[in-house]
Amino acid sequence: PRVAVVIDKKTFTRELAAASGAFGLCIPGLALADFTFAVGSTSGRDEAKFARHGVTPLAGPVLGMPVLEAGCAAWLECRLIPARHTEDAYDTCFAEVVAAAADARIFANGRWSYRSDNAELQPIHHLGAGQFVRAGGVVQGVVQNVVQPQGPA
C-alpha cells in the first residue's frame, strides 16, 4: 500500500522524514484531540514533544519509526518514495506502508466500525484553528432496484 501526506517543507517533521527516509503516521482518535492540537502547535526543534506531554511512543517493527497506540485508531510505518517535484511544489510526500496496526475496537476483519461505544477512537481530522471533525456519521447504503424518475410527459 501507498499513502500521500502533506508535510510542510519548513517543519522539523519534514526535515526528520527526509533525513531518515521514513516516518510514522498515527491516526488519532477523538480522545487525543487536545494532545493532537498541542503536539501539532509546537516544534520538535525546541523540545521533545512526546516527552513534554508524557507520551512514550513505540518503535515501529520494521523501520523503528515512533508510533502511538493508546488513543489512536491506527498507525502506519512508512518508507518515503522520492518524488522531488511534488515534495517541492506541493509539500506532498508519497510513501510505501511497510507496517500497520489498528485498534480492533474500531477496525476488524478488514473493515472500520463506527459505533457509539468506540467514539473515543473514531479518527479526527483537523480543520484549522484547533477545530476537528470526527469520522462516525455513517450511513449504510442498500442495494435495491431503483426506478429512474421520468421527465415531463
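This short talk covers the pockets, the nonpolar cores, the aromatic pairs and a few single residues of one structure.

Colleagues, please keep in mind throughout that this is a predicted model.

I begin with the pockets. Rolling a probe the size of a water molecule over the atoms shows where empty space is left. In this model, the largest pocket has a volume of about 1500 Å³. It is lined by 43 residues, and those closest to its centre are T13, G24, L25, V39 and K49. Which elements each supply at least two residues of that lining? They are the strands β1 (2–6), β2 (22–28), β5 (72–81) and β9 (124–128), together with the helices α1 (12–20), α2 (33–40) and α3 (49–52). The greatest contribution comes from β2, with seven residues. Sorted by class, the lining of the largest pocket holds 27 nonpolar, twelve polar and four charged residues.

The second largest pocket contains about 160 Å³ of space. Its lining consists of K9, R14, A17, A18, L80, P82, A83, R84, E87, D88 and C93. Helix α1 supplies at least two of these residues, and so does helix α4 (84–90). By class, this lining has six nonpolar and five charged residues, and no polar ones.

I turn now to the interior. How many residues make up the largest nonpolar core? There are eleven: V3, V5, I7, A17, F23, L76, C78, L80, C93, A95 and V97. Strands β1, β5 and β6 (92–102) each provide at least two residues of this core. A second, separate core has five residues, among them L32, F35, L68 and C72. Three residues of the largest core, A17, L80 and C93, also appear in the lining of the second largest pocket.

A95 deserves a moment within the largest core. Apart from its neighbours within four places in sequence, A95 is in contact with P1, R2, V3, F23, C78, R79, L80 and I81.

Next, the aromatic side chains. The count of aromatic pairs comes to three. One of the pairs joins F35 and F50 in a stacked arrangement, with 6.4 Å centre to centre and 25° between the planes. This pair links distant parts of the chain, since F35 belongs to helix α2 and F50 to helix α3, 15 residues apart. Are the two rings' residues buried or exposed? F35 counts as buried because its relative accessibility is 18%, under the 20% limit. F50 has a relative accessible area of 25%, so F50 is partly exposed. Elsewhere, ring pairs link F107, W112 and Y114 into a cluster.

I close with two single residues. The first topic is A19, which is found in helix α1. With a relative accessible area of 72%, A19 is exposed, because the term applies over 50%. A19 and A48 lie 29 residues apart along the chain, and their C-alpha atoms are separated by 17 Å.

The other residue is T92, in strand β6. T92 counts as buried, because its relative accessibility is 17%. What does T92 touch, if residues up to four places away in sequence are not counted? Its contacts are A4, V5, V6, T86 and E87. Of these, V5 belongs to the largest nonpolar core, while E87 helps to line the second largest pocket.

How values were computed
Residues numbered from 1 in each chain as written. Predicted model: local features only at pLDDT ≥ 70, side-chain atom pairs only at ≥ 80, totals over all residues. Heavy atoms only, no water. 1 Å grid on protein atoms, 1.4 Å probe; cavity = no way out; pocket = protein on both sides within 12 Å on 5 of 7 lines; lining within 4 Å. Points joined across faces, edges and corners; volume = space filled by probe spheres on them. Helix = DSSP H or I, 4+ residues; strand = E, 2+ residues; numbered from the N terminus. Nonpolar A, V, L, I, M, F, W, Y, C, P; charged D, E, K, R; others polar. Core = buried A, V, L, I, M, F, W, Y, C linked by side-chain atoms within 4.5 Å. Buried < 20%, exposed > 50% of the residue type's maximum accessible area, 1.4 Å probe, protein only. Contact = heavy atoms within 4.5 Å. Phe/Tyr/Trp six-rings, centres within 6.5 Å; stacked < 30°, edge-to-face > 60°.
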